[in-house]
Amino acid sequence: MEFSSEANQRIARLAAHLQPQMEESSILRRADCRAKGGSPGFKVAILGAAGGIGQPLAMLMKMNPLVSVLHLYDVVNSPGVTADLSHMDTGAVVRGFLGQPQLESALTGMDLVIIPAGVPRKPGMTRDDLFNINAGIVKTLCEGVAKCCPNAIVNLISNPVNSTVPIAAEVFKKAGTYDPKRLLGVTTLDVVRANTFVAEVLGLDPREVNVPVVGGHSGVTILPLLSQVKPPSSFTPEETEYLTNRIQNGGTEVVEAKAGAGSATLSMAYAAVKFADACLRGLRGDAGVVECAFVASEVTELPFFATKVRLGRTGAEEVYQLGPLNEYERYIFLSEI
Ligand SMILES: NC(=O)C1=CN([C@@H]2O[C@H](COP(=O)(O)OP(=O)(O)OC[C@H]3O[C@@H](n4cnc5c(N)ncnc54)[C@H](O)[C@@H]3O)[C@@H](O)[C@H]2O)C=CC1
Ligand SMILES: O=C([O-])CC(=O)C(=O)O
């Protein structure tokens, strides 16, 4: 059946009128359900939500039962991504925000802010080549966080993570809202890669393997601690060399395979969700939530360093020491990091 254009306009007006009311009442209904079930729903914003990482990340967060409200912010295409995801019959309510004037609305009231906004590498570039553009983007977005949700946990993905995290810290210090426990650089992809490559060498299921990866998120600063792999395993010098190089260069492997079409997006979205879910479980008060992250640290002389951290109600509540390193790891740690 065809509607007249007048009828179409009437339907559009009715929808515009009803949708916000339906949305608000559905949020309240879901919040009520969660309160009855004793499970809190968290409000999560993704900044850069229409990008290569942002879109699959938004989809996976829409599927996360700990999320009650999902705000998707970008400078392009966020309305389309939002409309698309809003049809998924999962619990989280999705709202879209487009461009700088809507940044504050996107951030107000958020518990967790995930930031994959920024440009990715092309073949031949290092992550540091992204600094000039991404530093400015991260600065603006973190100013918004400081103003609108100063108590939110921030998961920073934009590269170079080794530099964007210190920049975010300076923005928060300037605004008087800095809490080192709440600012976390996301290095989970290094751990995800390490688990996968180590499992291949050991002939195990990657889900059974856990490799701590410490240091930073760039080339030789990425240090997988193969001596601390779980389950306990030993490696020949050749295997150690192969695994360390492959884990350190995992990002470049994807950049080269994509041949100019960007860097890791799908595995990164998976890793970001793994990390965000751990942050939400920590916020909920679950015990023993431990992940590697790039945080303010006193473990070495460097002001920021990736190690295992325990995630709790206030963010990274405990930063773990490196633990015993073998000779190879000590050499890389002393010469490269
Ligand atoms: N921490 C990690 O392990 C990893 C980090 N990355 C980094 O993540 C970043 C994003 O990568 P992709 O999603 O592949 O890039 P992309 O170019 O596909 O998406 C980036 C998105 O950010 C948006 N954006 C740009 N300026 C913005 C602003 N001021 N406010 C809000 N949104 C803005 C763009 O419109 C775009 O939708 C890159 O810097 C990349 O190097 C990528 C993989 C792993
Ligand atoms: O290599 C890149 O540019 C993206 C990234 O950080 C990664 O995949 O680890």
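Helix α5 (residues 131–148) gives the largest share of the shell around ligand 1, four residues; helices (H or I, at least four residues) and strands (E, at least two) are DSSP runs numbered from the N terminus. The shell has 33 residues, the closest being Gly48, Gly51, Gly52, Ala117 and Asn159, where a residue is near a molecule if its C-beta atom, placed from the backbone, lies within 6 Å of it. At least three shell residues come from each of domain 1 (42–185) and domain 2 (188–336); these bounds come from an automatic or database domain assignment.

This is a predicted model, in which local features need pLDDT of at least 70, side-chain atom pairs count only at pLDDT 80 or more, and totals for chains, interfaces and linings use all residues. Residues are numbered from 1 along each chain as its sequence is written, while chains are lettered from A and ligands numbered from 1 in the order in which they are written.

The centres of the two domains, taken over C-alpha atoms, are 22 Å apart. Their contact takes 32 residues from domain 1 and 33 residues from domain 2, with two residues in contact if their C-beta atoms, placed from the backbone, lie within 7 Å. On the side of domain 1 that touches domain 2, α2 (54–62), β4 (112–115), β5 (153–156), α6 (161–175) and β6 (183–185) each give two or more residues. The largest share there, five residues, is from α6.

The table gives the composition of two residue sets. Ala, Val, Leu, Ile, Met, Phe, Trp, Tyr, Cys and Pro count as nonpolar, Asp, Glu, Lys and Arg as charged, and the others, Gly among them, as polar.

| Set | Nonpolar | Polar | Charged |
|---|---|---|---|
| Shell around ligand 1 | 18 residues | 13 residues | two residues |
| Side of domain 1 that touches domain 2 | 21 residues | five residues | six residues |

The largest nonpolar core has 93 residues, of which Ile46, Leu112, Val113 and Ala272 touch the most other members. Such a core is a set of buried Ala, Val, Leu, Ile, Met, Phe, Trp, Tyr and Cys residues joined through C-beta atoms within 7 Å. Both domains give residues to this core, so it lies between them. Beyond four places in sequence, the contacts of Leu112 include Phe42, Val44, Ala276 and Leu280.

UniProt, in an unreviewed entry, lists His217 for "active site"; such annotations may be inferred rather than shown by experiment. His217 lies in the loop between β7 (213–215) and β8 (222–224). His217 is buried, because 24 other C-beta atoms lie within 10 Å (buried: 20 or more; exposed: 12 or fewer; partly exposed: in between; C-beta atoms placed from the backbone).
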